[in-house]
Amino acid sequence: QVQLVESGGGLVQPGGSLRLSCAASGSRANIYIMGWYRQAPGKQRELVATISSGGTTNIADFVKGRFTISRDNAKNTVELQMNSLKAEDTAIYYCNAFYYTNINYWGKGTLVTVSS
């Protein structure tokens, strides 16, 4: 079965930077869209950023200009570079992969805490 493993979460001060990584494994199928979603306590899960196999990105307005997303199609990895972090960015960040087989997978999440 497909597994998505996130890494890079942790504690960072406001204004700081953090880089999240996600690696997909367990399938020969190719991934159409990879991305990141987040969920803060008491809030709904929301889209942060996605990137297609062709490089098309979709960035949420609340992180545009601060976060960038990239991927390596050959390695089935996706990264989220987060700069100028704010306290409201605190959340569990989940990696997502949507395959060309039309199946969606989620990682277990990695906690990002932005606090002084």
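**View 1. Asp89, a buried acid.** In this predicted model, Asp89 has a relative accessibility of 0%, so it counts as buried. Its address is the loop between β8 and β9, and Arg66 sits in the loop between β6 and β7, so the salt bridge between Asp89 and Arg66 ties together parts that are 23 residues apart in sequence. For that bridge, the closest N and O atoms are 2.8 Å apart. Both members of this pair are buried. Salt bridges with shared partners put Arg38, Glu46, Arg66 and Asp89 into one network.

**View 2. Arg38 reaching Asp89.** Here's another salt bridge to Asp89, this one made by Arg38, with 2.9 Å between the closest N and O atoms. Arg38 is part of strand β4 (residues 31–39) while Asp89 is in the loop between β8 and β9 (91–99), so the pair ties together parts that are 51 residues apart in sequence. Is Arg38 buried or exposed? With a relative accessible area of 5%, Arg38 is buried; the cut-off for that label is under 20%.

**View 3. Arg66 and its surroundings.** Now look at the loop between β6 (57–59) and β7 (67–72), which is where you'll find Arg66. Arg66 has 11% relative accessibility, so it counts as buried. Which residues touch Arg66, once its neighbours within four places in sequence are set aside? The contacts are Gln81, Met82, Asn83, Ser84, Leu85, Lys86 and Asp89. With Asp89, Arg66 also forms a salt bridge, at 2.8 Å between the closest N and O atoms.

**View 4. Glu79 and Arg19, strand to strand.** This view shows a salt bridge between Glu79 and Arg19, whose closest N and O atoms are 2.2 Å apart. Glu79 belongs to strand β8 (residues 77–82) and Arg19 to strand β3 (residues 18–25), so this bridge ties together parts that are 60 residues apart in sequence. How accessible are the two ends? Glu79 comes out as partly exposed, at 25% relative accessibility. Arg19 is partly exposed as well, with a value of 39%.

**View 5. Charges across the protein.** Zoom out from the pairs to see the charged side chains together. A search of the whole structure turns up four salt bridges, including the one between Glu79 and Arg19. The protein carries 11 positive and 7 negative side chains. How far apart do the centres of the two sets lie? The answer is 4 Å.

**View 6. The strands behind the close-ups.** To place the pairs in context, here's the fold as a whole. The protein has eleven strands and zero helices, so what does its radius of gyration say about compactness? That radius is 14 Å, close to the 13 Å the globule rule gives for 116 residues, so the protein is as compact as a globular protein of that length. Along the principal axes, the C-alpha atoms fill a box of roughly 45 × 25 × 25 Å. Of contacts between residues at least 6 apart in sequence, 53% link residues at least 24 apart.

**View 7. Inside and outside.** This last view is about cover and surface. Of the 116 residues, 40% count as buried, among them Asp89 and Arg66. The protein exposes about 6,400 Å², and 47% of that comes from carbon and sulfur atoms.

Note on methods:
Residues numbered from 1 in each chain as written. Predicted model: local features only at pLDDT ≥ 70, side-chain atom pairs only at ≥ 80, totals over all residues. Heavy atoms only, no water. Rg over C-alpha atoms; globule rule 2.2 N^0.38 Å. Buried < 20%, exposed > 50% of the residue type's maximum accessible area, 1.4 Å probe, protein only. Contact = heavy atoms within 4.5 Å. Areas by Shrake-Rupley, 256 points an atom, 1.4 Å probe, with all protein chains shown as cover. Lys, Arg positive; Asp, Glu negative; His and termini not counted. Charge placed at Lys NZ, Arg CZ, Asp CG, Glu CD. Helix = DSSP H or I, 4+ residues; strand = E, 2+ residues; numbered from the N terminus.
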